[in-house]
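Hi,

Here is the structure I promised you. Have a look at it first, then read my notes below.

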Amino acid sequence: MDLSQNTTTHIKINELCPNMILAADAVTRNGTVILTKNTRLDNVTYKKLEKNSDIHVVEIWEYSIDKRNKPFVDNVAKDESAEEKKENPILDKPEFKRFQETYDKKIEELKGCIDGLKNGEKTNQDELFGIIDSIISTANCSSDLIQYINYINKMDDNTYAHSINVAVLSHLCATWMGLDKEETEKAAIAGLLHDIGKTSIDLSEKELSQESYLVGEKLFKFKKHPEMGYEILLFQELDDDIKQAVLTHHERVDGSGYPKGIKGDDLNITSKIVSVCNEYDNLIYLKKRCPFDIINEFDHMYLGLLDTKILLQFTKNIAYTYISSYVQLSNKETAQVVFINPNFPSLPIVLSPDGKLINLSQTKDLKIINMA
């Protein structure tokens, strides 16, 4: 969904209501970002604005204004602590239920589409992008989209769900990179089709999700899936960048990937985006890793393997989508992410249950171990 098409309005702090979404960063006079664009307001985030004397008005997406909601200042209920459950658990939200229904429907559509492609049926880019656009359009903003996918990931475990996740992530990444509509749609379609070759491999679903544990003949079969996918798409009327991305999504910029050992500028930007998003979803979805662990790993271990510019843009922006999310700390407490440090995106500032702000980049003995 293109948020730029939505209209915005400026609202005074004392007129803000629950679930309004910021259309721009809330910034103090000295340039400190208090809350980032697309933050959905709750009691905790509202208090950050209310307590800051520099900020009197914020810009809000008009679509997020529900006139049935009373302003925060009219709510006399007790404060919501970081350890308490949110008022509307994600699984019970109508928005999430619509997302899940669409997601499940599009997985079945993708299965039918891939079966058709393998049988030589023709498709086009508009039809393929429509699968992803339908899913993206059910979310209000990128933060909701990532949050919804994370909950879906706890329920599904198959190649098709992974393909849809990578397509959504690739669309977001291309948008964050500032690519035009055509390039962004190509990245999404390449993400959707990147693992089409896996559907022709004689390996179980579990084996297909555990490359690092495969050896011998099974590993050889697995590593053939980029070439098999490329062959399936070879005579389809798709942009060559998409086909090349399917072929090269396991290549690395230093030449250490497969199947051809292609490196550097010989890899197109579509392929490089899909490579980053594929690796992220493999770690968070298949290996059940914490997003902040992955961001930290990307910023350290993957530099030189994946495209640096894309990698840094992705980690910074994906971290921002977790603002207002709840996390589990190593001291067993639940805290809320309230600020992402652009220099240390894997080490945010969090709000503890007792209302204390903790800068994890300055706290060696405390870290995020999982999402709450």
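Before we get to the strands, one bit of vocabulary: two strands are said to pair if DSSP finds at least two bridges between them. Also keep in mind that this is a predicted model.

Let's start with a bridge. In strand S8, Leu357 is the bridge partner of Leu351. Three bridges link S7 to S8 (residues 357-359), and the two strands run antiparallel. Together S7 and S8 make a hairpin with five residues between them, and Gly355 in the turn has a positive phi of about 85 degrees.

Now look at the other neighbour of S7. Strand S6 (residues 334-341) is joined to S7 by four bridges, and this pair is antiparallel too. If you want to find the match-ups by eye, Val337 stands opposite Val350 of S7, and Phe339 stands opposite Ile349 of S7. The hairpin from S6 to S7 goes through two residues.

How much of strand S7 is buried? S7 (residues 344-351) is mostly covered, with six of its eight residues buried.

Zooming out, these strands belong to an open sheet of five strands, in the order S8-S7-S6-S5-S9, with antiparallel pairing. S8 and strand S9 (368-371) are the edge strands, as each pairs on one side only. From one strand to the next, the twist averages 45 degrees.

On to the helices. Helix H3 (residues 125-136) packs against helix H5 (residues 159-176) at an angle of about 75 degrees, and their axes are 10 Å apart. Angles of 65 to 115 degrees count as roughly perpendicular, so that is what we call H3 and H5. On the H3 side, the contact is made by Phe129, Ile132, Ile135 and Ile136, while H5 brings Ile164, Ala167, Val168 and His171. Sorted by class, the contact of H3 with H5 has seven nonpolar residues, one polar and no charged ones.

One last residue to click on is Lys106, which sits in helix H2 (residues 94-118). Is Lys106 buried or exposed? Buried means under 20% relative accessible area, and Lys106 has 11% relative accessibility, so Lys106 counts as buried. The side chains of Lys106 and Glu109 are joined by a polar contact of 2.8 Å. Setting aside neighbours within four places in sequence, Lys106 is in contact with Ile131, Ser134, Ile135 and Ile164. You have already met two of those names: Ile135 of H3 and Ile164 of H5 also take part in the contact between these two helices.

Cheers

Terms used:
Residues are numbered from 1 along each chain as its sequence is written. This is a predicted model: local features need pLDDT of at least 70, side-chain atom pairs count only at pLDDT 80 or more; totals for chains, interfaces and linings use all residues. Side-chain values use heavy atoms; hydrogens and water are left out. Buried means under 20% relative accessible area, exposed over 50%, partly exposed in between (1.4 Å probe, protein chains only). A polar contact is a pair of N or O atoms within 3.5 Å; within protein, one must be able to donate a hydrogen and the other to accept it, and residues adjacent in sequence count only if both atoms are side-chain atoms. Contact means heavy atoms within 4.5 Å. Axes are lines fitted to C-alpha atoms, for helices over the stretch in contact, and angles run from 0 to 180 degrees between N-to-C directions. Angles under 35 degrees count as roughly parallel, over 145 as roughly antiparallel, 65 to 115 as roughly perpendicular and the rest as oblique. Ala, Val, Leu, Ile, Met, Phe, Trp, Tyr, Cys and Pro count as nonpolar, Asp, Glu, Lys and Arg as charged, and the others, Gly among them, as polar.
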